[in-house]
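Please open the structure in your viewer and keep the selection panel at hand. The tour below moves from one selection to the next, with a short account of what is there at each stop.

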Amino acid sequence: MANATLERPTTGVIILLAEGCSSTSVTATLEMLESANYLQRARGVADVESESATAFKVSLVSIDGLPVTASGGVTLTPTASIDNAPAAALVIVPGFLFRVLDLLPSLAGFIPWLRQRHADGNTIASLCTGAFLTAEAGLLDDRVATTHWYYADAFRQRYPRINLQEHQTVTDDSGVLCSGGATASNDLLLYMLQKFAGKALARDFSRKLLIDSSRSDQSPYRVTTFNPRHEDDAILRVEDCLEGHYKEVIHVQALAEQFGFSLRHFIRRFKQATRQSPSQYLQNLRLEDAKLRLESSKMSFEQITYQVGYEDPNSFRRLFRDRVGVSPSDYRRKFRR
């Protein structure tokens, strides 16, 4: 016989709305919480429309209570402003896609409110690049966090006190939660279901909505980022040389001499401009080429090893697994076009 009472009380949830936020980040969260409520009611009571059996009570909150224009021109309408927001146990900060750095100044009004909510014991959960707003509030200082891998370098530079683990899809450090790339928001939402509504509902939700609960690493999705913004013309010429000759045998000492540097000065200047050592840069060029060939060709990994400039397939396979997070064969199965 179905249990007519919930094992856990309803959890109050606030989803922040801000100009330029990701519309999908908000609407997908709403749909997942609504689905969780439906499944909870279906598991617990005969009347699945009963509002008394919901796992989550959701409020949409903007800074002034007025509608906002999210990504894609979608208008999102709040139910409250931050000044009259209801009590809640969980505050969800949406992602901001690729505009996050430009939008941060306009989000400053949320910072004192987020700090107060955290001080009051609310769990703060950031989706994707929403971690930048949580970091601006100082809530991630001296904590482990993650964000979209594309913004890892900018995040690390801006917030040196934060222990960024960009390979992780989900982090939870003392009640401050983060997720990686956009689809990793599903992982965080599933984690929050388990945290606030229990493992049984989370398992039911995962199965019925076909959401994989086993993923924990966004490394396979990462494209090695190179820093095109620097203005060191000499190092840009070195990069052009590496990108044209990375399949050849290259010695860093010879490369430094070719461009008129001492070895020590070359390594320091290259790293300052690109945020990578010359050896790492060369390895990353070869790894990106190998990933492309795994995605688009039928060549064996041994053939690919030689094509991208390595001589030992075993050592390159170990490097690939260490940097990408999966074996070459697993990568090919996942991303083969």
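Two helices count as roughly perpendicular when the angle between their axes falls in the range 65 to 115 degrees. With that cut-off in mind, and remembering that this is a predicted model, select helix H11 (residues 278–296) together with helix H13 (residues 313–324), which pack at an angle of about 90° with their axes 11 Å apart. H11 and H13 are therefore roughly perpendicular to each other. To see the contact itself, show the side chains of Gln 280, Gln 283, Asn 284, Arg 286, Leu 287, Ala 290, Lys 291 and Leu 294 on H11, and on H13 those of Phe 316, Leu 319, Phe 320, Arg 323 and Val 324. Coloured by class, this contact of H11 with H13 divides into seven nonpolar, three polar and three charged residues.

Now show the whole protein chain as a cartoon, in which 14 helices and 11 strands make up the secondary structure. The chain has 337 residues, of which 51% count as buried, and its exposed area is about 16800 Å², with 49% of that area supplied by carbon and sulfur atoms. Among contacts between residues at least 6 apart in sequence, 65% join residues at least 24 apart.

Next, select the open sheet of seven strands, whose order is S5-S2-S1-S6-S7-S11-S10 and whose pairing is mixed. Strand S5 (80–81) and strand S10 (170–173) each have a single partner strand and stand at the edges, so one side of each is left without a neighbour in the sheet. Within the sheet, restrict the view to strand S6 (residues 90–93) and strand S7 (residues 123–126), which pair in the parallel sense over four bridges. Here Ile 92 can be found opposite Ala 125 in S7.

Two single residues complete the tour. Is Asn 37, which you can select next, buried or exposed? Asn 37 belongs to helix H1 (residues 23–44), and because its relative accessibility is 8%, this residue counts as buried. Once neighbours within four places in sequence are left aside, Asn 37 is in contact with Thr 54, Ala 55 and Phe 56.

Finally, select Glu 231, which is placed in the loop between helix H7 (199–208) and helix H8 (233–245). Glu 231 counts as exposed, because its relative accessibility is 74%. Add Ala 273 to the selection: Glu 231 and Ala 273 are 42 residues apart along the chain, and their C-alpha atoms are separated by 7.8 Å.

Technical notes: Residues are numbered from 1 along each chain as its sequence is written. This is a predicted model: local features need pLDDT of at least 70, side-chain atom pairs count only at pLDDT 80 or more; totals for chains, interfaces and linings use all residues. Side-chain values use heavy atoms; hydrogens and water are left out. Two strands pair if DSSP finds at least two bridges between them. Helices (H or I, at least four residues) and strands (E, at least two) are DSSP runs, numbered from the N terminus. Axes are lines fitted to C-alpha atoms, for helices over the stretch in contact, and angles run from 0 to 180 degrees between N-to-C directions. Angles under 35 degrees count as roughly parallel, over 145 as roughly antiparallel, 65 to 115 as roughly perpendicular and the rest as oblique. Contact means heavy atoms within 4.5 Å. Ala, Val, Leu, Ile, Met, Phe, Trp, Tyr, Cys and Pro count as nonpolar, Asp, Glu, Lys and Arg as charged, and the others, Gly among them, as polar. Buried means under 20% relative accessible area, exposed over 50%, partly exposed in between (1.4 Å probe, protein chains only). Accessible areas come from the Shrake-Rupley method with a 1.4 Å probe; for residues, only the protein chains shown count as cover.
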